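User: I would like to go through the labels given to this structure and see what stands behind each of them. Please set each value against its cut-off before concluding.

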Amino acid sequence: MSVHWIKQQTISSFVHDDRKTRLLRRMTIAKQSDQGLTLIEGLIAIVIIAITVVSITPPIFWAVASRVQTQRAEQALKLAQGEIDRVRTLVDRGETTSLDLLPPEVAAATNVRSSVAAPNSAGTGVISARGDCASATFPPTSSATFVGVDTNADCNPDYFLQTFRSQGLDQLGNPFTRGANQTLSGFVMGVRVYSVVARSELDAGRGDTQAASLQGTNGLGNQRNRPLAVLYSTIVRSNDSQNLELYRRLCPATTTTTGAC
């Protein structure tokens with residue numbers, strides 16, 4: 001074996017080893033580069049997710065809160081409609097001899113729909129489905145009194161209800177003055193239902209009579225002093241032969257009278 005051949009083999013071996021070394025280095029660098037890209041991509045993904053969560057969370061909370069407020073307004077409207085239905089049933093049955101079952105009467109010259117002030121005096125007890133709650137005196141004796149209504153059976157008020165009516169007309173269409181031969185046959189009544197959060201403003205005499213606007217709000221808005229529901233209705237005994245004439249007198253087309261619609 002010649003010296004020249006040994007040198008060639010040695011050089012070839014070194015060259016081969018050098019190529020392997022460079023190849024391993026390239027693979028190592030490529031692997032490190034791939035790991036670096038994976039880490040950067042992960043950080044970018046985390047940032048994107050964080051931005052997405054931050055951007056969509058407020059609208060979700062706003063939608064949920066708005067839905068809760070809408071549900072409370074719907075429940076308040078049901079309470080107001082329930083009171084009107086109760087009174088209409090009493091009138092249709094002719095049970096108007098006991099005026100204590102009807103809403104309190106406002107002054108004779110008062111227009112029910114525009115001139116009855118917000119309540120400023122809290123009634124005692126609550127209206128509740130539970131039998132062990134302190135019972136409320138309802139209807140109250142004054143239109144300035146608001147009565148608590150418990151809707152979740154915990155004996156605590158969830159709403160405050162104000163109800164009132166006009167002087168009304170008797171069976172002949174004359175102003176009802178509680179005469180011996182008179183029967184209350186028609187009147188205009190109103191119902192306002194306030195949120196429980198309006199208590200302090202009502203007690204302070206700062207209550208309002210216009211319905212609260214819940215549009216575009218996820219908080220309490222102006223329900224701190226305004227009613228969630230406001231309803232007015234003309235109540236006339238349906239089986240009375242004079243009911244159409246009574247309705248016309250209670251709701252004149254051009255002139256304003258007591259309790260005008």
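Analyst: In this predicted model, Asp 208 has a relative accessibility of 23% and counts as partly exposed, because buried means under 20% and exposed means over 50%. Its salt-bridge partner is Arg 226, with the closest N and O atoms 3.2 Å apart. This pair links distant parts of the chain, both residues lying in the loop between α3 (199-203) and β5 (229-236), 18 residues apart.

User: What makes the contact of Asp 208 with Arg 226 a salt bridge?

Analyst: The closest N and O atoms of Asp 208 and Arg 226 are 3.2 Å apart, and a salt bridge asks for a side-chain nitrogen of Lys or Arg within 4 Å of a carboxyl oxygen of Asp or Glu, so the label applies. Arg 226 is itself partly exposed, with a relative accessible area of 25%.

User: Why is Glu 83 called buried or exposed, and how does Arg 86 count?

Analyst: Glu 83 has a relative accessible area of 4%, and since buried means under 20%, Glu 83 is therefore called buried. Arg 86, with a relative accessible area of 28%, is partly exposed. Their side chains meet in a salt bridge of 2.9 Å, N to O, and both residues lie in helix α1, 3 residues apart, which is about one turn of the helix.

User: Why does Asp 132 count as exposed, and what does Asp 132 pair with?

Analyst: The relative accessibility of Asp 132 is 55%, and the label exposed applies because the cut-off for it is over 50%. Asp 132 forms a salt bridge with Arg 130, the closest N and O atoms being 2.6 Å apart, whereas Arg 130 is partly exposed, with a relative accessible area of 34%. Across the whole structure, a search finds 9 salt bridges.

User: What makes Ile 46 a candidate for a surface patch, and which residues make the patch?

Analyst: Ile 46 is exposed, with a relative accessible area of 55%, and patch residues need over 30%, so Ile 46 passes that cut-off. Together with Leu 39 and Leu 43, Ile 46 makes a nonpolar surface patch of about 320 Å². Ile 46 is placed in helix α1 (residues 3-92).

User: How do you know what kinds of residues line the largest pocket?

Analyst: The lining divides into 6 nonpolar, 1 polar and 4 charged residues. Pro counts as nonpolar and Arg as charged, and the lining includes Pro 103, Pro 104, Pro 139 and Pro 140, as well as Arg 165 and Arg 178. The space in this pocket is about 160 Å³. Glu 105, also in the lining, is linked with Arg 165 and Arg 178 in a network of salt bridges. Pro 139, which is placed in the loop between β1 (121-127) and β2 (145-149), is joined to Phe 138 by a cis peptide bond with omega of about -5 degrees.

User: What sets Ala 153 and Cys 155 apart in their backbone, and why are they called partly exposed?

Analyst: Ala 153 has a positive phi of about 60 degrees although it is not a glycine, and Cys 155 has a positive phi of about 70 degrees, again without being a glycine. Ala 153 lies in the loop between β2 and β3 (159-165), and Cys 155 is also placed in the loop between β2 and β3. The relative accessibility of Ala 153 is 36% and that of Cys 155 is 24%; partly exposed covers what is between buried, under 20%, and exposed, over 50%, so the label fits both residues.

Key
Residues are numbered from 1 along each chain as its sequence is written. This is a predicted model: local features need pLDDT of at least 70, side-chain atom pairs count only at pLDDT 80 or more; totals for chains, interfaces and linings use all residues. Side-chain values use heavy atoms; hydrogens and water are left out. Patches are made of residues with over 30% relative accessible area and no salt bridge: like charges are joined within 9 Å, nonpolar side chains (Val, Leu, Ile, Met, Phe, Trp, Tyr) within 5 Å. Accessible areas come from the Shrake-Rupley method with a 1.4 Å probe; for residues, only the protein chains shown count as cover. Helices (H or I, at least four residues) and strands (E, at least two) are DSSP runs, numbered from the N terminus. Buried means under 20% relative accessible area, exposed over 50%, partly exposed in between (1.4 Å probe, protein chains only). On a 1 Å grid over the protein atoms alone, a cavity is a set of points where a 1.4 Å probe fits but cannot get out, and a pocket is an open set with protein on both sides within 12 Å along at least five of seven lines; lining residues have an atom within 4 Å of a point. Grid points are joined across faces, edges and corners, and a volume is the space filled by probe spheres set on the points.
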